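These are my notebook entries on a single chain. I set out to look up the core, the strand pairing and the cysteines.

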Amino acid sequence: QVQLVESGGALVQAGGSLRLSCAASGRTFSTYAVGWFRQAPGKEREFTAAIDWSGSNTDYTDSVKGRVTISRDNAKNTVYLQMGSLKPEDTAVYYCTASIKYYPFTPSYWGQGTQVTVSS
């Protein structure tokens, strides 16, 4: 069993930066791939980024490539999503997820989400 708790969401101006954190409980967390999904108002939840268990492989949706970096610290059971050059269209609830496999990434666990709002 893995429990995920996101933090770091905030209201920021366009062009600003944020770092989201996903703190996990569970002794096997380091064996899971971790991903971030986001859901904007009135839209479907979408994949944003993922990282494999070791941190060696990452993947991003095209709309965030070059602006977002996913990383993990298995000693701290924490995954980070560093976001820069934020745009109003990045406004969404961001969810941390864990998947047994990196590919295909299939979430087994979800956090409760953290709100990111980018003002223009």
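**Entry 1: the core.** I began with the largest nonpolar core of this predicted model. I found that this core holds 29 residues, and that the members touching the most others are Leu4, Trp36, Ile70, Val79, Leu81, Met83 and Tyr94. I then looked up where the core residues come from: strands E3, E4 (33–39), E5 (46–51), E7 (68–73), E8 (78–83), E9 (92–99) and E11 (114–119) each contribute at least two. I noted as background that nonpolar side chains tend to be buried together in soluble globular proteins.

**Entry 2: Tyr94.** I listed the contacts of Tyr94, leaving out neighbours within four places in sequence. Tyr94 is in contact with Leu20, Trp36, Phe37, Leu81, Met83 and Val116, and also with Glu6, Arg38, Gly113 and Thr114. Of these partners, I recognise Trp36, Leu81 and Met83 from the list of core members that touch the most others.

**Entry 3: the open sheet.** In which order do the four strands of the open sheet lie? I read the order as E1-E3-E8-E7, with antiparallel pairing. E1 and E7 are the edge strands, each pairing on one side only. From one strand to the next, the twist averages 15 degrees.

I went through the pairs in turn.
- E1 is joined to E3 (residues 18–25) by five bridges, and the two run antiparallel; Val5 has Ala23 in E3 as its bridge partner.
- E3 and E8 pair over six bridges in the antiparallel sense; Arg19 has Gln82 in E8 as its bridge partner.
- E7 and E8 also pair antiparallel, over six bridges; here Thr69 stands opposite Gln82, and Ile70 has Leu81 as its bridge partner.

Gln82 therefore appears twice in my list, once across from Arg19 and once across from Thr69.

**Entry 4: strand faces and a turn.** I checked the two faces of E1 (residues 3–7): Leu4 and Glu6 make up the covered face, whereas Gln3, Val5 and Ser7 make up the uncovered one. I set beside this the general rule that side chains of a regular strand alternate between the two faces of the sheet. E8 is mostly covered, with five of its six residues buried. Between E7 and E8 I found a hairpin with four residues between the strands, in which Asn77 takes a positive phi near 50 degrees.

**Entry 5: the disulfide.** How many disulfides does the chain contain? I counted one. It joins Cys22 to Cys96, with an S to S distance of 2.0 Å. The torsion about this S-S bond is about -80 degrees, so the disulfide is left-handed. Cys22 belongs to E3 and Cys96 to E9, so the bond ties together parts that are 74 residues apart in sequence. Both Cys22 and Cys96 are buried.

**Entry 6: Ser99.** Is Ser99, a residue of strand E9, buried or exposed? Its relative accessibility is 1%, so I entered Ser99 as buried, the cut-off being under 20%. A polar atom of the Ser99 side chain lies 3.0 Å from the backbone nitrogen of Thr106. Setting aside residues up to four places away in sequence, I recorded that Ser99 touches Tyr32 and Ala33, together with Pro104, Phe105, Thr106, Pro107 and Ser108.

Methods:
Residues are numbered from 1 along each chain as its sequence is written. This is a predicted model: local features need pLDDT of at least 70, side-chain atom pairs count only at pLDDT 80 or more; totals for chains, interfaces and linings use all residues. Side-chain values use heavy atoms; hydrogens and water are left out. Buried means under 20% relative accessible area, exposed over 50%, partly exposed in between (1.4 Å probe, protein chains only). A nonpolar core is a set of buried Ala, Val, Leu, Ile, Met, Phe, Trp, Tyr and Cys residues joined through side-chain atoms within 4.5 Å. Contact means heavy atoms within 4.5 Å. Axes are lines fitted to C-alpha atoms, for helices over the stretch in contact, and angles run from 0 to 180 degrees between N-to-C directions. A disulfide is a pair of cysteine sulfur atoms within 2.5 Å. A polar contact is a pair of N or O atoms within 3.5 Å; within protein, one must be able to donate a hydrogen and the other to accept it, and residues adjacent in sequence count only if both atoms are side-chain atoms.
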